[in-house]
Every structure is written in C-alpha cells, then in structure tokens.
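Here is a friendly walk through a protein model, meant to be read with the structure open beside it. Shall we take a look?

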Amino acid sequence: MSVAAIKIDQVQKQFGKNVVLENVSLEIPRGQTLALLGRNGAGKTTLIRMLLGLLKPDAGSIQVDDCDPTREAIELRRRVGYLAEDQTMYGWMTAVELTHFLNPFYPAWNQSLADDYLERFDIPRHQRIERLSKGQNVKLGLTLALAHEPNVVILDDPALGLDTIARKEFNRDLIEHLQAAGRTVLFSSHLLDEVEAVADAVAILDGGRIIRQSATETLRSEVKRFVLNSVEIAGVTPPPGLLDVRVWESQFVVTVDGAERFVEQLNSLGIEHEIVELSLDEIFESFVIGRTQAWPQAGMPVVV
Ligand SMILES: Nc1ncnc2c1ncn2[C@@H]1O[C@H](COP(=O)(O)OP(=O)(O)OP(=O)(O)O)[C@@H](O)[C@H]1O
C-alpha cells in the first residue's frame, strides 16, 4: 500500500481548445483531509471526475487508493466514497429504501452503519427523498458515500447551497465521522473561512495548475501581509514570493509568500514594518487575484 492515498502526476485535460488542467500534480497522504480550492471554472470538478474514472486525462497518471481510475473504475468506485456537487437521487424512494437499493452494488456495504448515519444525521427514514430539505439531502448523500466504509472520500463542494448553520453542522460531521475514522478526504470548496477548521492541507488550483499545496497552518505562517512606509521601500529588491502590492495613502501594503525571509530582508535593511496575519480567504485571494505591478522600481519616484 502506497503512502499517498491519492497521487496525481502531470495530468492534462482540455475540452476542444479550452485547456482546463495543465501539468497538475498533487499528493494526498493517507488519513489527510485536503481542501481543493479554486474559483468557478478552475477545473475542480474536472479533476475530481478524473479521480473517479468518469473522465480520462489526456496525459499524466492518477492513482487513488492504489487503483488506476481509467483501468479499474469499478474496483475504485467500491473503495471510494463520492458526494457530487448537486447530487440528484431517486426522488420517489425513501431515504432508507435508497440505502437498501444501493447495498448490493457494494460488497463492503454496511447497512447498520447506513442506518446509524441516517439516525445521527437526523434524516427522516421514511420520507420521500424529493421532500427532504437541501441539508438533509446533502447528509443523505454523505451517508451513501460512507456506508461502504471507503478508505478515500471525495466530496465536490459538499456544502454548496447550505445555510451557515447547516454548513457548520456538516463540517462538524465531517470531522467527527471521517477524520476520526482515519479516512483520506479530498473536498473542493470555495467557502474558505470554513475550510480552515477542517482541512489539514489545501491546494490552490488556478489557471489550470496547482499553484500552491501546503499544510493549512504552514500556509498561514508563510503568507503574511506587511505594511511599509513607501519611502523606505523604494529601491528594495522585490522579495521572492511577492503576491500583491497595494498603495494605500503613503504606505505600501505588501503580501508575501515567504514571510520569514522577507522579515529578515527588512530587518537587515532597517526598514520598519507592521505584520498583518491573514485568513485563508485573504491568502487565497492574494494567490488568485493578487497584483504585483505596484512594486516601486529602483530610482522611480515614490508616491508619498
Ligand atoms: N464535459 C465538458 N465539456 C466541455 N467543457 C467542459 C466540460 N466539463 C467542464 N468543462 C469546462 O472546464 C472548465 C472547468 O470546469 P469545472 O466544472 O471543472 O470547474 P470547477 O472548478 O468545478 O467550477 P465550479 O466551482 O464552478 O463548479 C470550465 O471552463 C468548463 O466549462
């Protein structure tokens, strides 16, 4: 058994002329929860569909729980729990009927675990699925994704459309039932404030590439915002990992990936600075819409 539960190596995918994924590589160690972040249309669902063998990569390779999704799709489906974005289910069945219906498709299906989830998630067993609320629907989807005790769980924007409290409940359930059981979880999301509490690691997908993958805590300690006096910064070499520069009255507000190195650089030059901690939301924003053009070039007059 390999150490990585999910291994994506140099994957490419294009639809017609639209290159959606370009040299995407990503590894998720067993037992880890990784949040895949990206703006609308970044390619999250496309990547997830390839992990499940529903789409073939144009190039590159994928391993999920030691299976190649393109060649072992059925075996893979049995080992992986999947909750799709806007999952549609048989509306005319009741929740409990659906669990019994799916049972024979999965050799490892655990009906008493399915019953247990229905109860713990407060899903009315005998109500038709079409009459369940959005929150109950998502939780039923989660029940179905987990009842065969998969090693790997893939959730495509699971909290989409849920209200704030339902999302918090969902995240709590995710932590209690998946992480505690040592499952590997990959979930895509754009609700970053909530990802923070759940994800051990995040990967940011932008422009068809993974532009950053890191432990959530490491990312927060390495990406910081600095407030600097504009006169002092003139002529200083832009730091590696510069993500964003804004001119604010007589100050430069600079976001850097590699905060420690930048602090050393500023200290060695005797430049005073204030450090601002960022939320994951602000970090994500700096990566995907940050602008670095406002960094002053040596010899350039500086706005004061
Ligand atoms: N089957 C397909 N045929 C053609 N283009 C597709 C197909 N599936 C996805 N695309 C295109 O690929 C790009 C990525 O779509 P994808 O659904 O993977 O993004 P996403 O990150 O999941 O977005 P969202 O957060 O909005 O769900 C989009 O430009 C989309 O139009």
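The report below goes from the overall layout to the sheets, the ligand shell and the domain contact.

## Ground rules

This is a predicted model, in which local features need pLDDT of at least 70 and side-chain atom pairs count only at pLDDT 80 or more, while totals for chains, interfaces and linings use all residues. Residues are numbered from 1 along each chain as its sequence is written.

## The chain as a whole

The chain holds 11 helices and 13 strands; these are DSSP runs numbered from the N terminus, with helices being H or I of at least four residues and strands E of at least two. Along the principal axes, its C-alpha atoms fill a box of roughly 75 × 40 × 35 Å. Of the 304 residues, 36% count as buried, meaning that 20 or more other C-beta atoms, placed from the backbone, lie within 10 Å of the residue's own (exposed is 12 or fewer, partly exposed in between).

Contacts are pairs of residues whose C-beta atoms, placed from the backbone, lie within 7 Å. Among contacts between residues at least 6 apart in sequence, 71% join residues at least 24 apart.

## The three-stranded sheet

An open, antiparallel sheet is built from three strands in the order 2-1-4, where pairing requires at least two DSSP bridges between two strands. Its edges are strand 2 (18-29) and strand 4 (59-64), each pairing on one side only. On average, neighbouring strands here are turned by 15° against each other, direction ignored; axes are lines fitted to C-alpha atoms, for helices over the stretch in contact, and angles run from 0 to 180 degrees between N-to-C directions.

Strand 1 (residues 4-15) joins strand 2 through eight antiparallel bridges. Among the bridge partners, F15 is matched with N18 and V11 with V24. The two strands form a hairpin with two residues between them, and G16 in the turn has a positive phi of about 60°.

## Around the ligand

Which residues surround the ligand? They are F15, N18, V20, G38, N40, G41, A42, G43, K44, T45 and T46, where being near a molecule or strand means that the C-beta atom, placed from the backbone, lies within 6 Å of it. Strand 2 and helix 1 (44-51) are the elements that give two or more residues to this shell, and helix 1 supplies the largest share, three residues.

By type, the shell has three nonpolar, seven polar and one charged residue. Here Ala, Val, Leu, Ile, Met, Phe, Trp, Tyr, Cys and Pro count as nonpolar, Asp, Glu, Lys and Arg as charged, and the others, Gly among them, as polar.

## The six-stranded sheet

Another open sheet has six strands in the order 5-6-7-3-8-9, with mixed pairing. Strand 5 (80-83) and strand 9 (209-215) form its edges. Strand 3 (residues 33-37) runs parallel to strand 8, joined by four bridges; L36 has A203 as its bridge partner in strand 8.

Helices lie across this sheet's strands too. Helix 5 (residues 134-146) crosses strand 5 and strand 6 (152-156), at about 165° to strand 5. Helix 11 (residues 280-289) lies across strand 3, strand 8 and strand 9, at about 30° to strand 8.

## Where the domains meet

The domain assignment gives domain 1 (4-207) and domain 2 (219-289), with bounds from an automatic or database assignment. Their C-alpha centres lie 36 Å apart. Nine residues of domain 1 are in contact with seven residues of domain 2.

On the domain 1 side, helix 7 (192-198) and strand 8 (201-206) each give two or more residues, with the largest share, four residues, coming from helix 7. This side divides into five nonpolar, no polar and four charged residues.

Conventions:
Contact = placed C-beta atoms within 7 Å.
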